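This briefing covers one helix with its packing partners, and then one loop residue. Please read it alongside the sequence and the structure.

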Amino acid sequence: MNASGDDGLHLINHHKCNLVIMDASLNVPFFSIILPVYNGEKSISETIQSILQQSFPAWELIIVNDGSTDNTVSIINDFCSVDTRIKLLHQANKKQPAARNTGIKVAAGQWLAFIDADDVWLPAKLTRQYQCIKANDGLDVIFSDGYTKYHDKVIRHYYHYELARGYFNGKDLYKKMMFGNYIPILSAVVKMSWVVKIGMQDETVPGVEDHDYWLKLCRAGAAFYGMEDRLFEYRVHENNFSANLVNQHYLSLVIRMNNYEPLLLGNQENKQFSKAFHQYINYFENQGKTAWVQELKERFRKLPIPPVPVSEQIKDRVKALKGSFRTGTKQFIKRWLFLFVKIFYFYPKKRLFHYRNKLAISYVYWLNFKHIKNYKAIQLSATATVNFYNVSASIDTQELYVGDFSRINFMEEHSKMITGAAVTIGKFCNFNIVGELIMGNNVLFNNHSTLTCHGQIVIGDDTWFGEGVRLYDHNHNYKDRNVPFTQQGYTNGTIKIGNNVWVGSNSIILNNVTIGDGCVIGANNVIYKSLPANTIVKSKSMDATETIPSV
């Protein structure tokens with residue numbers, strides 16, 4: 001629930017958050033980064049490297065070894081020997097909240113940042129948050145969007161949990177956070193003065209200590225800002241899922257009850273909280289947690305909120321029904337006429353269209369069920385076609401839409417197509433895949449586009465192609481004049497296209513081309529050599545280029 005009016009929203013805008021850093025070379029740390037680790041030898045190097053690669057240098061990294069028994073300490077010591085900003089502390093194994101508190105006690109920065117030993121920051125993370133801090137003095141907690149990287153997936157996906165975005169005062173965010181955690185801790189930075197004010201993290205609720213901390217900050221009146229920027233990669237693997245989800249649910253309810261303040265919630269939210277509590281109780285009863293149920297019920301009785309009686313729910317429903325019948329006769333007739341048209345015309349038409357599309361993907365899946373992973377994430381137009389030609393190929397997608405009369409053809413054994421979320425292939429497109437096609441999130445091919453992949457084509461996030469664009473990662477061989485060129489085969493290569501790239505209509509991209517992040521390619525161009533990041537290609541000539549100036 002975003003705040004509005006004069007509560008501070010006007011302070012935040014994208015232009016202000018692109019200020020040039022003036023004091024990033026400070027000798028004292030601006031950010032103190034807290035990194036707890038327990039037996040993290042497999043991932044700790046990548047996590048530390050992502051911090052060393054930050055474009056903002058005024059930080060200190062406090063690593064708290066939480067009783068590791070593997071090679072973690074030796075790996076960290078190697079980093080400490082080459083960068084004095086990295087500090088290593090040791091303690092017996094007490095779990096993450098206790099390890100974070102150990103780091104907080106020695107932190108010297110103006111702001112705290114958190115990261116875990118299996119996660120990664122993108123290079124601009126601290127810079128972007130520093131810019132927002134300097135542009136908006138009233139902010140106390142800043143967090144961002146990010147990506148999720150599954151251990152068995154080639155590409156990264158959009159962050160898989162719902163987030164809060166925009167400006168929030170403590171009261172507004174409290175109403176939201178009482179029903180879920182909308183702030184990923186690895187993205188957050190917190191002003192140190194607030195840490196001094198509310199104290200350390202609760203060490204008795206491991207796994208939900210961050211949610212508890214945000215609720216305490218909300219109650220204390222901190223100001224929050226959720227950035228649209230994607231600044232982290234949250235790594236998902238079998239070891240970072242809780243082995244006891246029932247216990248996690250129990251602790252989650254405990255911290256919400258600990259932070260319950262009815263005056264900060266409206267009447268509707270108080271009823272919603274009461275309803276959620278009883279849902280949890282039913283869940284714990286089904287799990288056989290009798291002692292928990294008795295304890296929670298006793299604590300609930302002490303809260304200043306009565307359960308929502310069934311009679312009151314019925315009264316609310318009757319009141320709503322009465323209100324609907326108090327409309328005028330004209331409005332009543334219009335409503336029922338609209339409902340009639342909706343039921344007997346629009347709804348059947350919509351259902352028929354949906355059924356045709358559903359039938360199309362069901363038929364394709366029935367023919368090729370061995371080749372399609374997560375087929376429910378694919379939406380095919382009824383006239384679109386996916387052909388596997390009896391070869392051992394595969395599609396692995398998080399979300400893919402294929403438009404009218406478009407075709408995806410898998411031509412050889414082990415050819416594959418891997419995509420992230422929100423990938424759209426428009427109408428009348430033709431994709432011939434012999435090798436490996438990898439696309440990130442929010443990739444769009446407009447109508448009449450052609451892609452032929454013999455080797456490998458990799459396309460980054462937020463990259464769009466205009467109508468009639470063609471990608472070819474191979475060339476015909478033709479130099480032997482004694483052999484017809486039709487018999488000389490192909491020379492395969494690669495095409496690599498970065499993030500946030502726009503390719504204009506009717507442009508052609510040829511093999512062994514790398515296009516950097518942020519490039520803009522005008523219409524009707526032939527791209528036969530690589531382009532550095534932030535390049536604009538303005539005309540048919542590859543020489544007519546310029547670099548996008550930095551802000």
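**Helix H10 and its surroundings**

In H10, the buried residues (under 20% relative accessible area, 1.4 Å probe, protein chains only) are Trp292, Val293, Leu296 and Phe300. Seen down the helix axis, the buried residues of H10 fall within an arc of 100°, taken from the directions from the axis to the C-beta atoms, so they line one face. The model is predicted: local features need pLDDT of at least 70, side-chain atom pairs count only at pLDDT 80 or more, and totals for chains, interfaces and linings use all residues. Residues are numbered from 1 along each chain as its sequence is written, and side-chain values use heavy atoms, leaving out hydrogens and water.

**H10**
- The face of H10 turned away from its buried side carries Thr290, Ala291 and Arg301, which are exposed (over 50%).
- The buried residues of H10 pack against helix H8 (245-258) and helix H9 (267-286).

**H8 and H9**
- The axes of H8 and H9, lines fitted to C-alpha atoms over the stretch in contact, are 11 Å apart, and the packing angle is about 150° on a scale from 0 to 180 degrees between N-to-C directions.
- That angle makes H8 roughly antiparallel (over 145 degrees) to H9.
- Contact (heavy atoms within 4.5 Å) involves residues including Tyr250 and Leu253 of H8 and Phe277 and Tyr280 of H9.

**Asn506**
- Asn506 lies in the loop between strand S29 (502-503) and strand S30 (508-509).
- Beyond its neighbours within four places in sequence, Asn506 is in contact with Glu467, Gly468, Val469, Arg470, Asn524 and Asn525.

Notes. Helix = DSSP H or I, 4+ residues; strand = E, 2+ residues; numbered from the N terminus. Parallel < 35°, antiparallel > 145°, perpendicular 65-115°, else oblique.
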